[in-house]
Amino acid sequence: MKATGVVRRIDDLGRIVIPKEIRRTLRIKEGDPLEIFTDKEGEVILKKYSPIGELSEFATGYAETLSKTTGHIACITDKDSVIAVSGGSKKEFLEQSLSPELEKIMENKEIYTSKENNELAVPITQNDNKNRRYNSQVIYPIISDGDVIGSVILLSKEQNTKMGDMELKVVQSAAGFLSSQMEI
């Protein structure tokens with residue numbers, strides 16, 4: 001665990017203030033849910049809560065099925081990182097922070113399908129090399145109770161591959177199914 005050197009007092013209602021610099025660094029916004037953990041040494045750990053992260057094992061199996069069915073790289077994300085990937089390099093995607101471009105698409109509840117093979121692709125993670133391109137991709141938000149909680153993505157690096165109605169329907173179905181699992 002990394003020490004920040006910041007000390008805060010608990011108020012009479014049991015609250016503490018997380019400093020703005022830490023909230024900005026960890027991308028915690030007002031209203032974001034936090035999970036609270038304790039350990040035997042008396043430490044209290046706050047972790048940004050990811051509803052879809054609760055389904056990460058399930059999401060991994062779903063990504064594998066999507067990849068085998070379509071022949072493309074399949075990624076499932078929560079609002080902050082890739083939680084499941086199949087058909088591509090896990091090191092390249094898994095648990096990597098999302099790119100600002102992908103976050104914006106999700107925030108706007110957009111459905112993105114690349115139109116042509118020569119179109120610049122949306123970077124998926126912050127570590128994406130801007131020169132690398134996916135020849136085609138489909139991004140579909142996972143929406144639960146009106147809020148975006150993640151996305152389902154299909155990617156292809158192969159030449160002459162276009163994402164069509166079939167791929168769009170597949171990711172739409174996957175996003176709908178994952179959303180319905182959150183409501184159970």
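Among contacts in the protein chain between residues at least 6 apart in sequence, what percentage join residues at least 24 apart? The share is 51%, where contact means heavy atoms within 4.5 Å. The model is a predicted one, in which local features need pLDDT of at least 70 and side-chain atom pairs count only at pLDDT 80 or more, while totals for chains, interfaces and linings use all residues. Residues are numbered from 1 along each chain as its sequence is written, and side-chain values use heavy atoms, with hydrogens and water left out.

A good place to begin is the overall layout. The protein chain holds 5 helices and 7 strands, taken as DSSP runs (helices H or I of at least four residues, strands E of at least two) and numbered from the N terminus. Along the sequence, these elements appear in the pattern α-β-β-α-β-β-α-α-β-β-β-α. Along the principal axes, the C-alpha atoms fill a box of roughly 60 × 40 × 30 Å. Of the 184 residues, 38% are buried; buried means under 20% relative accessible area, exposed over 50%, and partly exposed in between, with a 1.4 Å probe and protein chains only.

Turning to the interior, the largest nonpolar core has 20 residues. Such a core is a set of buried Ala, Val, Leu, Ile, Met, Phe, Trp, Tyr and Cys residues joined through side-chain atoms within 4.5 Å. The members that touch the most others are Ile-52, Leu-66, Ile-76, Ile-142, Val-152, Val-171 and Leu-178. Two or more residues each come from α2 (56-70), β3 (73-77), β4 (82-86), β6 (136-144), β7 (147-156) and α5 (165-182), with α5 giving the largest share, 5 residues. Beyond its neighbours within four places in sequence, Ile-52 is in contact with Thr-77, Asp-78, Ile-83, Ile-142, Ile-149, Leu-178 and Met-182. A second, separate core of 18 residues includes Tyr-112, Tyr-134, Ile-139 and Val-148.

Next comes a single residue in a loop. Ser-99 lies between α3 (90-93) and α4 (100-107), and it counts as buried because its relative accessibility is 1%. Its side chain reaches the backbone nitrogen of Leu-102 at 3.1 Å. Apart from neighbours within four places in sequence, Ser-99 is in contact with Pro-123, Ile-124, Thr-125 and Gln-126.

Strand β1 offers a contrasting example. Leu-34 is found in this strand and, with a relative accessible area of 30%, is partly exposed.

Definitions and conventions. A polar contact is a pair of N or O atoms within 3.5 Å; within protein, one must be able to donate a hydrogen and the other to accept it, and residues adjacent in sequence count only if both atoms are side-chain atoms.
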